[in-house]
Amino acid sequence: MTENIPNSIQEHLNDPYSLSQDQIDFYQQNRFIKLKEVLNKEALAFFNAVISEQVELMNQEQTALEERTTYGKAFLQLFNLWLENSMVKELIYSKRIAKIASDLMQVNGVRLYHDQALFKEAGGGITPWHADQYYWPLETDKTVTAWIPLQETPLNMGPLEFSAGSHVIVEGRELEISDKSEELIEKKLRVTDFTHVIEPFDAGEISFHSGWVFHRAGANATDEMRKVMTIIYMDKDMILKNPENTNQEHDWKTWCPGAKIGEIIDSPINPLLYSN
């Protein structure tokens, strides 16, 4: 594995990406946005190789795809690669991406909640409709996930899909990712006016979505791995709330160790990634 990240990629990761007011307004209304050319070809190829190798090192899934649950078929899921790999850490600490997250949320800076690799295998199943923040013991909705495909992602590879503006729906927020969430949220969204956005991703294109917007992904019908890295950001002044379910209790202990209810989350694994 390469020991050092090239200077040209380091510079790219810190080079600001300018958002227009129209883009910020679009995100505020719909709670998701897709942005082209956030990563250039050199950076994308580099991190595809680095993250793929790290996922291979960390992955312990041995159950055959057809024998797994719906959740298990959706993707291989590995967490906090930045703690294991100094080059992945450079991507997670990218000011270019963190500033986009901060600007979209209209906050004064962002911390890391955690990262995760989501690799959907060839033949992998759907990722059911869900809202991420069901899992998070966080006081406000000032959260955003950067969904970073490590390759061009056509429709038959299972790109992320969004229900635009669905962050206002309360029903379905209590559902973890499952067949039930796919069925019930699909039914709910069918009788609303929210636009279902399903589009391919170009190489270097990244999406950002808030914690309460409903989203899903289709199956991977190709013979290649759909490789995605995600970075979950939260307002730098995010308060830990009293957990409302066992998943939130687990997340508190796992991703915010030592944080106290009612106080700002500033544990050693929730570093400040960008500040105005």
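Visitor: Arginine 190, is that one buried or exposed?
Guide: Arginine 190 counts as exposed, because its relative accessibility is 59%. The terms go by relative accessible area with a 1.4 Å probe and protein chains only: buried is under 20%, exposed is over 50%, and partly exposed is in between.

Visitor: What sort of model is this?
Guide: This is a predicted model, in which local features need pLDDT of at least 70 and side-chain atom pairs count only at pLDDT 80 or more, while totals for chains, interfaces and linings use all residues. Residues are numbered from 1 along each chain as its sequence is written, and side-chain values use heavy atoms, with hydrogens and water left out.

Visitor: Back to arginine 190. Which residue does it form a salt bridge with?
Guide: Its partner is glutamate 186, with 3.8 Å between the closest N and O atoms. A salt bridge here is a side-chain nitrogen of Lys or Arg within 4 Å of a carboxyl oxygen of Asp or Glu.

Visitor: Where do the two lie?
Guide: Both glutamate 186 and arginine 190 are in helix H7, 4 residues apart, which is about one turn of the helix. Helices (H or I, at least four residues) and strands (E, at least two) are DSSP runs numbered from the N terminus. Glutamate 186 is partly exposed, since its relative accessibility is 27%.

Visitor: How many salt bridges does the structure hold?
Guide: It holds 15. One of them joins glutamate 205 to lysine 34, with the closest N and O atoms 3.8 Å apart. That pair links distant parts of the chain, 171 residues apart: glutamate 205 is in the loop between strand E7 (196-198) and strand E8 (206-210), and lysine 34 is in strand E1 (residues 32-35).

Visitor: Are glutamate 205 and lysine 34 buried or exposed?
Guide: Glutamate 205 and lysine 34 are both buried.

Visitor: Any other salt bridge involving helix H7?
Guide: Glutamate 171 and lysine 188 meet in one, at 3.3 Å from N to O. Lysine 188 is in helix H7 (179-190), whereas glutamate 171 is in the loop between strand E6 (160-163) and that helix, 17 residues apart. Glutamate 171 counts as exposed because its relative accessibility is 51%, and lysine 188 is partly exposed, with a relative accessible area of 29%.

Visitor: New topic. What about arginine 96, buried or exposed?
Guide: Arginine 96 is buried, as its relative accessible area is 8%. This residue belongs to helix H6 (residues 95-105).

Visitor: What is around it?
Guide: With neighbours within four places in sequence left aside, arginine 96 is in contact (heavy atoms within 4.5 Å) with residues including His12, Asp15, Tyr17, Glu37 and Val38. A polar atom of the arginine 96 side chain lies 3.3 Å from the backbone oxygen of glutamate 37.

Visitor: And the aromatic rings, do you have a rule for pairs?
Guide: Rings of Phe, Tyr and Trp (its six-membered ring) pair if their centres lie within 6.5 Å; planes under 30 degrees apart are stacked, over 60 edge-to-face, and the rest tilted. By this rule there are 9 aromatic pairs. Tryptophan 82 and tyrosine 93 form a tilted one, 5.9 Å centre to centre with 50° between the planes.

Visitor: Where does tryptophan 82 sit?
Guide: Tryptophan 82 is in the loop between strand E2 (76-79) and helix H5 (86-92), and tyrosine 93 is in the loop between H5 and H6. Tryptophan 82 is buried at 7% relative accessibility, while tyrosine 93 is partly exposed at 30% relative accessible area.

Visitor: Got another pair?
Guide: Tryptophan 147 and phenylalanine 201 are also tilted, at 5.0 Å centre to centre and 55° between the planes. Tryptophan 147 lies in strand E5 (residues 143-149) and phenylalanine 201 in the loop between E7 and E8, so the pair ties together parts 54 residues apart in sequence. Tryptophan 147 is buried with a relative accessible area of 2%, and phenylalanine 201 is buried at 1% relative accessibility.

Visitor: Which rings link into a cluster?
Guide: Phe26, Phe32 and Phe162 are linked into a cluster by ring pairs.

Visitor: Last one, the whole chain. How many helices and strands?
Guide: The chain has 8 helices and 11 strands. Buried residues make up 56% of its 276 residues. The C-alpha trace spans about 50 × 45 × 40 Å along its principal axes.

How values were computed
Polar contact = N/O pair within 3.5 Å; in protein donor to acceptor, adjacent residues only side chain to side chain.
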